[in-house]
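User: Please take a close look at the opening segment of this model and set it in the context of the whole chain. A connected account with explicit cut-offs would be appreciated.

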Amino acid sequence: MIDSSGDMDAELLPETRRALLHRLAVAQAEGRVPSAVGAVVREGRTVWTGVRGGAVGPPGETGETEGAPTADTRYRIGSITKTFVAVLVMRLCDEGLLDLSDPLGEHLEVPAEAGDEVASATVAQLLSHSAGLAAEPRGPWWERTPGELRPETADLFGERPVRHPAGRRHHYSNLGYALLGSLVERLRGAPWHDVLREEVLDPLGMDRTTPLPGEPYARGWAVHPWADAVLPEPLADTGRMAPAGQLWSTARDLCRFAAFLAAGDDRVLGAESLARMRTPAVAPEAEAWDQAYGLGMQLVRSGGRLLAGHTGSMPGFLAAVWTAPGERLASVALANATSGLPVGGLAADLLGIVAEREPSFPEPWRPRSQADPELLALTGPWYWGPAAFALRVREGRALELVPVGGAGRASRFRPEADGTWTGLNGYYAGETLRVVRGADGSVSHLDLGTFVFTRTPYDPDAPVPGGADPRGWRAG
């Protein structure tokens, strides 16, 4: 159960709170945005919120803008909407109504003019922007025009809806997330935002996250590049493109969402499925990558840590949510300007300030429930050929296989009803781990996707490779 219902500023040191507010103030001033709101979540609770600037309401009679934001002021969050849609899709997968490898056309009628390549794109490719689809739908610019201009799915596709071979590279596609929203509607039989309300927003207590704004909400502005003047941006209901960036939310609501993304909530989506969303789905183009994309989540390296979340922008608005699950930290940043403030960097810096000044304490170690004696008998050293590994039992009959000395393939494994385990990460993700017994019932070896692990290096009695040489071990 996630609890971020109240601001707990007293939990942070005064020096930390001042450093956070200073960073927000510098960002608002140097970015030249009418208002900026920041927040930090630690261990599931909002521990700091900050506000700088004003100008969130409509112009008054004097021409001056009115109002000052709070943690409950709605801002448009743009592409953070995509992470919400991805959570809905992952829920369908966890329920068995969908598989990540399913082609889109298996569940959604794809217009003939879109072509077979669109229908054959998989759910995972759409989630990870690797289906090769065009970045944008057919014009005019969807972010600034009403959705009535594209009333049907067929109206989203231009002359070349596919720009790259599927699965080969990351190519960001707003069009792809419009299709995922339609997929949710098809399988749930209700508008995607109604499904979102019932399945995600209500359980998490996010009652101010909506497709359209309600007071109090920040107005969106374009700031003149060479003068201290602003121009109001249009507020469009984007219709079928809404799953790509329509939502409005508040700093307080997004803190609840960030806490969920960091730790999971079984009422919405478990930690295991969220971990899959945080895994790079397409191999990054650079070996030492600092940016990648999972399943509905952006991944960035900042300050020596890997952050997962999403940034967002729509006319007049910028937003970011980052999580660092290993440190049980998350952050939020919002602004009401079209450009000027590097909002992803601001949110990352807010998280980093807390992480560096007040690092999280690890969870205290405590004994778990009584372990199965048969599982305990499997723990300890195993060998793949001459390479040493250690097998550990984790909570819930899960297993962890790690190389001794740190070099080698490590994986965690989920128990299955048939007595096997399935790999969750690394090289062995999706592979099956089996305990193989001899005729007398004793354990012979572990079979991990055909790799044989034995209790002694190159056990001559084990199957391939067994003893690499019938003469056995010997001096050189």
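Analyst: Helices (H or I, at least four residues) and strands (E, at least two) are DSSP runs, numbered from the N terminus. This is a predicted model, in which local features need pLDDT of at least 70 and side-chain atom pairs count only at pLDDT 80 or more, while totals for chains, interfaces and linings use all residues. Residues are numbered from 1 along each chain as its sequence is written, and side-chain values use heavy atoms, with hydrogens and water left out.

The segment in question is helix α1, residues 14-31. Its 18 residues should span 26 Å at 1.5 Å a residue (the expected span is 1.5 Å times one less than the number of residues), and the 25 Å between its end C-alpha atoms agrees with this. Buried positions (under 20% relative accessible area, with exposed over 50%, partly exposed in between, 1.4 Å probe, protein chains only) in α1 are Thr16, Ala19, Leu20, Leu24, Ala25, Ala27, Gln28 and Gly31. An α-helix has 3.6 residues a turn, so residues three or four places apart point the same way. The buried residues of α1 pack (contact: heavy atoms within 4.5 Å) against β1 (35-42), β2 (45-53) and α9 (343-357).

Arginine 32 follows α1 and has a positive phi, near 55°. Most residues other than glycine have a negative phi, and most peptide bonds are trans. In the loop between β1 and β2 lies glutamate 43, where phi is again positive, near 50°. Glutamate 43 is partly exposed, its relative accessible area being 47%. Further along the chain, arginine 328 also has a positive phi, of about 55°; it sits in the loop between β10 (317-324) and β11 (329-335) and is partly exposed at 22%.

Two cis peptide bonds also deserve mention. One joins glycine 139 and proline 140, with omega about 5°, and proline 140 is in the loop between α4 (123-127) and α5 (174-188). Another runs from glutamate 215 to proline 216, with omega near -10°, and proline 216 lies in the loop between α6 (192-204) and β4 (221-223).

As for the wider context, the protein is divided into domain 1 (17-54 + 70-358) and domain 2 (373-454), with bounds from an automatic or database domain assignment. Their centres, taken over C-alpha atoms, are 37 Å apart. An unreviewed UniProt entry lists residues 372-455 as "domain: DUF7586"; such annotations may be inferred rather than shown by experiment. That span, 372-455, is 5% helix and 48% strand, and its end C-alpha atoms lie 20 Å apart.
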